[in-house]
Amino acid sequence: MAVSDQDMATGIWNAAEGDEADARPHLGPRQRWARRKAILQQAAVLLLVAAVAVFVIRNTVVNLQARGLASGFDFLRQEAGFKMAFSLIAIDPTSTYGRIFLAGLLNSLLVAALAIVAATMLGFAVGLARVSPSAPVRYVARGYVELVRNLPLLLHLLLWQAVVLRSLPVVREAIGLGGFAFLSNRGLYLPAPVAGDAKAMVVAVAVATGIAAIVAGWSIRSRAQARGEAPPRLGLVLAAGGLVSNAAAIALLDWQVPVLAGFDFRGGLKLMPEFVSLVAALTIYNSAFVAEIVRAGVQSVARGQREAALALGLPPKLILRLVIVPQAMRVIIPPLANQYTHLIKASALATVVGFPDLVNVFLGTSLNQTGRAVEIAVITACVYLALSTSVALATSAYGRRVKLVER
Amino acid sequence: MATTSVSGNSRAPATAAGRLLATAVANPFGTLVVLGLAYLAWTLGLPIVDWAFVNATWVASDRAGCNPDGACWAFIVNRLPQFAFGFYPEAERWRAWIVLLAPPLLLLLAMAPDFPGRRRILVVGFCLYPIAAFVMLAGGVLGLAPVPSEKWGGLLLTMVVGLGAFVFSFPIAILLAIGRASKLPAIRLLATGFIEFWRGMPLIAILFMSVIMLPLFLPPGVEFPRLTLAMIGITLYSAAFLAEVARGGLQSVSRGQSEAANALGFGFWAMQGYIVMPQALRAVLPGIVNSAISLLKDTTYVMVVGLFDLLNIVNAALSDPAWLGLATEGYVFVGLVFWSLCFGLSQVSARMERDAERNQSRTPSGERKAP
Amino acid sequence: MTANASISVRSLSKWYGSWRALRDVSMDIEGGTCTVLCGPSGSGKSTLLRCLNGLEEWQEGDVVIGGVPVGYRAGELRRLRRDVGMVFQSFNLFPHLSVLDNVTLAPRIVRRRGRRESEQHAMQLLERVGVGQHAAKLPSALSGGQQQRVAIARALAMRPSILLFDEPTSALDPESVKEVLDVMIDLARSGTTMAVVTHEMGFARRVAGRVVFMDKGSIVETGEPDEFFDCPCTDRAKAFLGNIARN
Ligand SMILES: Nc1ncnc2c1ncn2[C@@H]1O[C@H](COP(=O)(O)OP(=O)(O)OP(=O)(O)O)[C@@H](O)[C@H]1O
Ligand SMILES: [Mg+2]
């Protein structure tokens with residue numbers, strides 16, 4: 001009962017090397033029986049699963065034939081013949097389904113990335129307000145959380161869509177945001193760099209090295225901290241240098257500010273209203289959950305730590321920043337990553353408002369046009385599984401590092 | 001131990017106003033925030049009250065009959081039966097009423113003080129509900145006129161999808177959790193793969209796929225209505241999440257429990273059913289309720305496969321020419337319904353958590369140390 | 001199987017991985033007698049006891065209970081365990097069930113007895129071990145000694161022909177120890193076959209027919225309690241008894 005196959009296997013292994021007389025390899029009748037039973041049980045389950053799989057596959061083949069649908073992944077190289085209302089890479093009617101897939105994926109990632117950043121910032125603010133010393137602030141934050149998280153995300157989205165579409169001014173009366181960005185019922189207009197010249201290459205290289213420098217500096221610092229040493233000056237210099245070079249590179253670009261021309265703005269980047277409401281809804285909805293995660297994390301370390309820090313004479317505000325939040329991060333990160341996975345998946349709601357994300361253009365339009373249901377479903381599933389797996393892997397890597405630091 | 005008293009230096013002033021002042025002085029930033037919010041509440045709140053109550057119209061036959069400065073609740077009032085039951089035939093609505101009212105009654109029973117047999121009524125009630133509700137709504141037996149599922153809609157459909165998927169996913173989730181804890185690698189791997197697959201997919205994609213792919217998987221000639229297809233997808237999705245919750249519970253049950261059951265001669269399934277699972281599920285009851293809340297909110301996604309749940313039916317009604325431009329009213333109504341359901345459930349879960357904590361601190365530690 | 005079955009262990013060996021926990025252990029327990037197992041920590045007492053009702057799998061040798069060798073198929077084991085009751089060091093009561101349900105659950109589910117009948121029997125047993133008035137409470141509301149007595153009643157409710165005790169008193173305070181030992185003494189005097197892992201010399205002297213001393217996975221010495229405690233033959237037993245006396 002208590003002995004698993006593994007124990008027995010290691011037993012054999014160790015015993016083969018052992019020199020003690022009692023440490024002989026050993027399988028009694030009981031172990032042989034247990035092993036046979038385990039094999040039979042697993043074989044039975046696998047057989048059942050295989051039978052279901054065969055049944056499903058046969059039905060699918062028959063059904064596909066009956067409907068006269070082709071199969072195979074060659075469609076990815078065919079011309080799709082439709083345009084996308086918004087894409088980060090150029091899409092025209094001659095683009096292939098493969099390119100449509102890529103554009104949809106990039107759009108999904110863009111939405112998710114923006115919403116993750118925004119929801120994290122908003123969520124941390126609300127979460128810290130949830131543990132504020134001031135009772136009214138706590139109540140307001142609690143009210144926000146309860147109001148937001150008990151409404152379906154889809155309702156948030158439709159509300160934003162209605163609000164954005166209805167209450168924003170027409171293009172002519174667009175709200176200017178510092179003269180660089182404009183908001184109207186047609187969407188959000190942002191300045192964008194003009195790409196395509198040699199300068200862009202230089203800038204790209206500068207940004208890349210800058211980011212590398214920041215990452216290197218940061219990792220040097222955190223590794224030193226993990227060993228309990230004072231962070232070396234080099235790390236700080238690298239990080240600062242990276243920041244400066246990034247800022248310089250970005251300033252060097254030719255920025256094109258959107259300008260009103262006729263019925264629409266010209267130049268710059270235009271974000272559809274659907275995009276704006278999608279990011280807004282994802283941000284607001286998830287910020288409430290992030291806030292609860294932050295609150296739970298802070299409260300889990302707060303009590304003892306706070307008293308210890310007060311005893312050291314630290315002022316209360318610094319305590320939160322220097323002592324509690326860094327420690328709480330250990331508790332916060334795993335559920336936060338989980339929330340990010342939720343958010344990434346929820347970004348597929350784009351379909352409902354007609355923003356061309358992966359699910360919309362690929363699982364929707366492309367599938368309708370090509371009829372390659374199985375292939376497209378498999379690809380989409382793989383993409384989302386890869387995304388959630390990578391978040392999970394990153395979290396567990398973080399968990400291992402934290403454990404290492406703790407020792 | 002060198003602990004300094006934290007609250008020692010700030011003795012509470014006697015009067016409420018004094019206390020308020022003291023807090024305000026102690027936290028100038030918070031005070032500013034509060035004052036700002038109070039101002040906002042004043043400037044925004046008054047118009048909202050005017051809009052929602054003072055200038056609101058409750059009875060009218062179309063948009064034109066409504067006061068343009070206030071909320072046009074007449075829209076909701078006129079459409080209420082449709083929002084509740086969708087296109088369910090009027091003569092048969094009593095059946096839908098029963099289906100809608102049973103869950104709140106059961107919930108009330110769940111909150112009520114204990115009496116003998118209460119637990120049994122609850123368990124049997126919740127387990128039988130989806131099947132009884134299906135029979136009741138679909139009809140065709142017991143002399144009930146058949147009503148095709150295309151006609152179900154509104155809050156009724158939300159309930160059917162949410163509660164149905166939840167109850168059906170429960171046994172699947174338990175099997176998956178047991179499978180994931182199995183010593184047999186093949187079974188463990190299968191369960192893990194299944195769980196991670198359904199957890200990793202967006203529900204939207206799952207719904208699309210269940211409507212498009214499931215019919216391909218079925219033998220030619222077998223056809224399910226859209227509602228059933230969507231419910232299969234949602235049920236498996238919910239089962240994967242519930243399985244992870246149940247797994248947490250399984251891990252919290254000490255090994256001594258299964259040993260004691262074994263020593264008494266329990267077989268595997270009897271042990272799971274009478275000893276392990278009751279403890280495991282009780283330990284994660286708040287998590288289970290939270291999953292139910294998520295599921296209830298997620299039912300709105302059925303909109304993408306063209307089912308008319310509460311949100312979608314209101315959404316569709318917004319384009320009625322007689323009632324144009326009433327998105328705010330419609331969404332506020334849907335929001336109120338969902339908010340009260342979800343908030344109520346979350347209070348239940350919070351109460352359970354508090355009770356569990358209280359019980360935990362009372363229980364003396366007598367658990368067997370791991371061998 | 002007889003009402004008070006005998007136990008016979010024949011050259012039992014058990015390995016955990018490459019670690020040999022039992023070495024060629026042989027021993028006989030006559031029906032209706034009480035045998036006390038003692039020995040230093042890690043000597044294999046629990047392991048041996050858990051082999052007696054098939055909670056552990058061993059590699060070599062046989063355990064024969066009431067003349068029937070202990071099998072290894074799930075069904076055989078389940079049937080065996082119905083007749084061999086076990087009491088654990090940490091009680092292992094079912095925390096989600098009332099005391100009464102703890103005692104009646106196995107008879108009802110495993111033996112398929114009626115509720116009325118099981119409850120009557122359970123109440124008798126609870127009275128017998130002196131916790132009848134706590135029948136409706138949850139185990140967590142009881143003291144350690146009371147919980148252990150409930151655990152004994154739970155084992156008795158299956159009408160076992162053998163009772164196994166694994167250090168039933170070592171998690172208890174001195175007062176509770178006496179309550180539990182009194183129940184066990186009562187059981188032993190009524191002629192139940194018992195195998196008890198314990199270091200309670202008083203208990204052993206009063207009711208044990210034999211004491212078995214184990215060390216490093218083997219039985220080192222067996223004897224009548226008085227003989228064993230007063231003049232152990234082996235050095236290891238002497239050292240061990242010296243240790244307990246000092247603590
Ligand atoms: N599941 C297991 N896996 C590996 N080794 C084990 C396991 N259970 C017990 N052992 C080892 O087997 C030996 C005998 O253990 P056992 O529990 O029978 O000792 P014991 O005499 O009951 O000791 P104690 O008085 O501490 O309860 C010990 O060395 C122990 O480390
Ligand atoms: Mg032991």
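UniProt annotations may be inferred rather than shown by experiment. The structure used below is a predicted model.

**Exercise 1. Place the annotated domain of chain B and describe its span.**

Step 1. Take the range from the record. The unreviewed UniProt entry gives "domain: ABC transmembrane type-1" for residues 155–349 of chain B.

Step 2. Read the secondary structure of that span. Helix makes up 78% of residues 155–349, and strand 0%.

Step 3. Locate the ends. The end C-alpha atoms of the span lie 23 Å apart.

Step 4. Set this beside the whole chain. Chain B holds 15 helices and 0 strands.

**Exercise 2. Do the same for chain C.**

Step 1. Here the unreviewed UniProt entry lists "domain: ABC transporter", covering residues 7–241 of chain C.

Step 2. The span is 40% helix and 26% strand.

Step 3. Its end C-alpha atoms lie 26 Å apart.

Step 4. Chain C as a whole has 9 helices and 10 strands.

**Exercise 3. Test chain C against the rule for a compact globule.**

Step 1. Count the residues: chain C has 247.

Step 2. Apply the rule, 2.2 Å times the number of residues to the power 0.38. A compact globule of 247 residues would have a radius of gyration near 18 Å.

Step 3. Compare. Chain C has 18 Å, so the value agrees with the rule.

Step 4. Add the outline. Along the principal axes, the C-alpha atoms of chain C fill a box of roughly 55 × 40 × 30 Å.

Step 5. Add burial, with the cut-off at under 20% relative accessible area. In chain C, 57% of the 247 residues count as buried.

**Exercise 4. Describe the extent, burial and contacts of chain B.**

Step 1. The C-alpha atoms of chain B fill a box of roughly 80 × 75 × 40 Å along the principal axes.

Step 2. Of its 371 residues, 46% count as buried.

Step 3. Take contacts in chain B with a separation of 6 or more. Residues 24 or more positions apart account for 65% of them.

Step 4. For chain C, take contacts between residues at least 6 apart in sequence. Of these, 66% join residues at least 24 apart.

**Exercise 5. Characterise the surface and charge of each chain.**

Step 1. Chain B exposes about 18,800 Å², and carbon and sulfur atoms supply 69% of that area.

Step 2. The accessible surface of chain C is about 9,900 Å², with 46% belonging to carbon and sulfur atoms.

Step 3. Chain B carries 25 positive and 19 negative side chains; the centres of the two sets lie 14 Å apart.

Step 4. Chain C carries 31 positive and 28 negative side chains, with the two centres 6 Å apart.

Terms used. Residues numbered from 1 in each chain as written. Chains lettered and ligands numbered in written order. Predicted model: local features only at pLDDT ≥ 70, side-chain atom pairs only at ≥ 80, totals over all residues. Heavy atoms only, no water. Helix = DSSP H or I, 4+ residues; strand = E, 2+ residues; numbered from the N terminus. Buried < 20%, exposed > 50% of the residue type's maximum accessible area, 1.4 Å probe, protein only. Contact = heavy atoms within 4.5 Å. Areas by Shrake-Rupley, 256 points an atom, 1.4 Å probe, with all protein chains shown as cover. Lys, Arg positive; Asp, Glu negative; His and termini not counted. Charge placed at Lys NZ, Arg CZ, Asp CG, Glu CD.
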